[in-house]
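Colleague: I would like to learn how to read the features of a model like this one, taking them one after another. Could you give me the general idea each time, and then the case at hand?

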Amino acid sequence: MAPVSDAPPTTGVELTPNAPTETVASLAADAERAGFDRVFVSAHYDNRDPFLALSRVAAATETIRLGPGVVNPYETHPVTLASRMATLAERSDGRALFGLGAGDASTLAALGIERERPLRRVLETARVARALWNGERVDHDGTFRAADAALGYDVSPPPIYVGAQGPDMLRMSAAHADGVLVNAAHPDDIAAATDRIDDGLADRPPERGDLDTVAFTSVSVARDADAARRAARAPVAFVTAGAPRAVLDRHDLDPERAATVGDALRAGAYDEAFAAVSPAMIDAFCVAGDPETVEARLRETLAHVDGVVAGSPLGPDRASAIDVLGDVFERVRAP
């Protein structure tokens with residue numbers, strides 16, 4: 001099992017910019033007041049631009065750390081990503097976190113992008129970004145090309161957090177990143193992920209320092225447990241559709257029903273897809289229910305990791321969910 005810090009757990013929220021950037025900034029300010037350490041803004045082409053939203057978040061907050069959760073180096077050239085992250089670090093007075101991942105293969109396919117060699121592309125992006133932030137000129141010829149690239153301004157390098165789910169990405173993150181965002185909600189999946197993280201830690205250079213392990217976990221909380229579980233259906237449908245067979249088997253989920261969910265999503269029949277989500281799928285892929293239920297699951301999760309980011313949907317009402325989660329995490333952090 002990956003080592004867990006003796007320090008109080010870090011806590012964060014993920015905000016989806018399906019609302020105007022001012023609303024995202026207001027929710028981030030709510031999260032800061034509720035005691036959260038971090039806020040990530042999700043990055044999907046069909047929502048508002050995450051970096052524009054993060055700029056507003058930086059202006060609306062003072063202490064909370066912030067970053068994309070997560071961007072991929074296919075839609076945007078890695079050198080451009082490095083510069084955008086450096087700009088965010090400057091805009092936020094050094095509070096930026098670089099949430100980096102391989103992206104969703106089906107989403108990239110909709111843009112005509114083939115996700116080739118994702119593990120290597122993420123690793124090369126991290127290495128090139130660090131070189132640019134250190135003031136180096138970069139020539140690179142790998143999964144992408146850069147010729148005599150450099151940034152024309154001084155940079156405060158942000159830590160790199162890799163969003164990971166598969167075993168190879170988890171191992172690579174443990175060896176080379178500053179932190180890993182484990183894309184899982186069930187303690188069994190998180191425990192399995194930390195085993196892979198342990199494998200990667202054996203190859204971690206000493207100069208990288210300690211690895212910060214964070215569960216990036218779908219959460220839906222409300223005082224009305226049924227409402228919280230209904231709100232979880234949409235994100236759970238998307239997770240179910242992309243879940244490997246081994247994960248479905250781990251939770252004894254019906255692969256035919258999972259395929260039905262995926263087929264409906266691909267056809268744009270969202271109501272049909274959400275209706276096909278079973279209670280067992282919600283239990284496997286989201287922490288959903290009333291505050292007491294959510295607190296118990298988060299305590300199980302924190303036995304394996306250093307922190308938790310509560311991801312989409314948060315609950316049927318995001319603002320009230322942030323307040324409720326703030327109280328939950330305050331109890332979890334208490335000695």
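Modeller: Gladly, and please keep in mind throughout that this is a predicted model. Let us start with a pocket: the lining of the second largest pocket is made up of 6 nonpolar, 4 polar and 4 charged residues.

Colleague: How is such a space found, and how much space lies in the second largest pocket?

Modeller: In general, rolling a probe the size of a water molecule over the atoms shows where empty space is left. Here the second largest pocket holds about 200 Å³ of space, and of the 14 residues lining it, those closest to its centre are A43, P50, V71, E75 and T76. The elements that each contribute two or more residues to this lining are α2 (50-60) and α3 (78-91).

Colleague: Turning to the interior, which residues have the most contacts inside the largest nonpolar core?

Modeller: The general idea is that in soluble globular proteins, nonpolar side chains tend to be buried together. In this model the largest nonpolar core has 76 residues, and L15, F98, W133 and L325 have the most contacts inside it. Helix α5 (residues 118-133) supplies the largest share of this core, 8 residues. Leaving aside residues up to four places away in sequence, W133 touches A82, M85, A86, F98, L151, V155, P157, P158 and I160. Another core, of 20 residues, lies apart from the largest one and includes L253, V261, V277 and F285.

Colleague: Is R127, which is found in helix α5, buried or partly exposed?

Modeller: R127 has a relative accessible area of 43%, and because buried would require a value under 20% and exposed one over 50%, R127 counts as partly exposed. R127 touches R120 and H176, if residues up to four places away in sequence are not counted; the C-alpha atoms of R127 and H176 are 8.9 Å apart, although 49 residues separate the two along the chain.

Colleague: And how should I read a strand, with β11 as the example: how many of its residues are buried, and what pairs with it?

Modeller: It helps to look at burial and at pairing in turn. In β11, 7 of the 8 residues are buried. Strand β1 (residues 10-15) pairs with β11 in the parallel sense over 4 bridges, with V13 opposite A310, while β9 also runs parallel to β11, joined by 6 bridges, one of which has S220 and L314 as partners. The buried residues of α13 pack against several elements, including β9 (212-221) and β11 (307-314).

Note on methods
Residues numbered from 1 in each chain as written. Predicted model: local features only at pLDDT ≥ 70, side-chain atom pairs only at ≥ 80, totals over all residues. Heavy atoms only, no water. Core = buried A, V, L, I, M, F, W, Y, C linked by side-chain atoms within 4.5 Å. Buried < 20%, exposed > 50% of the residue type's maximum accessible area, 1.4 Å probe, protein only. Contact = heavy atoms within 4.5 Å. 1 Å grid on protein atoms, 1.4 Å probe; cavity = no way out; pocket = protein on both sides within 12 Å on 5 of 7 lines; lining within 4 Å. Points joined across faces, edges and corners; volume = space filled by probe spheres on them. Nonpolar A, V, L, I, M, F, W, Y, C, P; charged D, E, K, R; others polar. Pairing = 2+ DSSP bridges.
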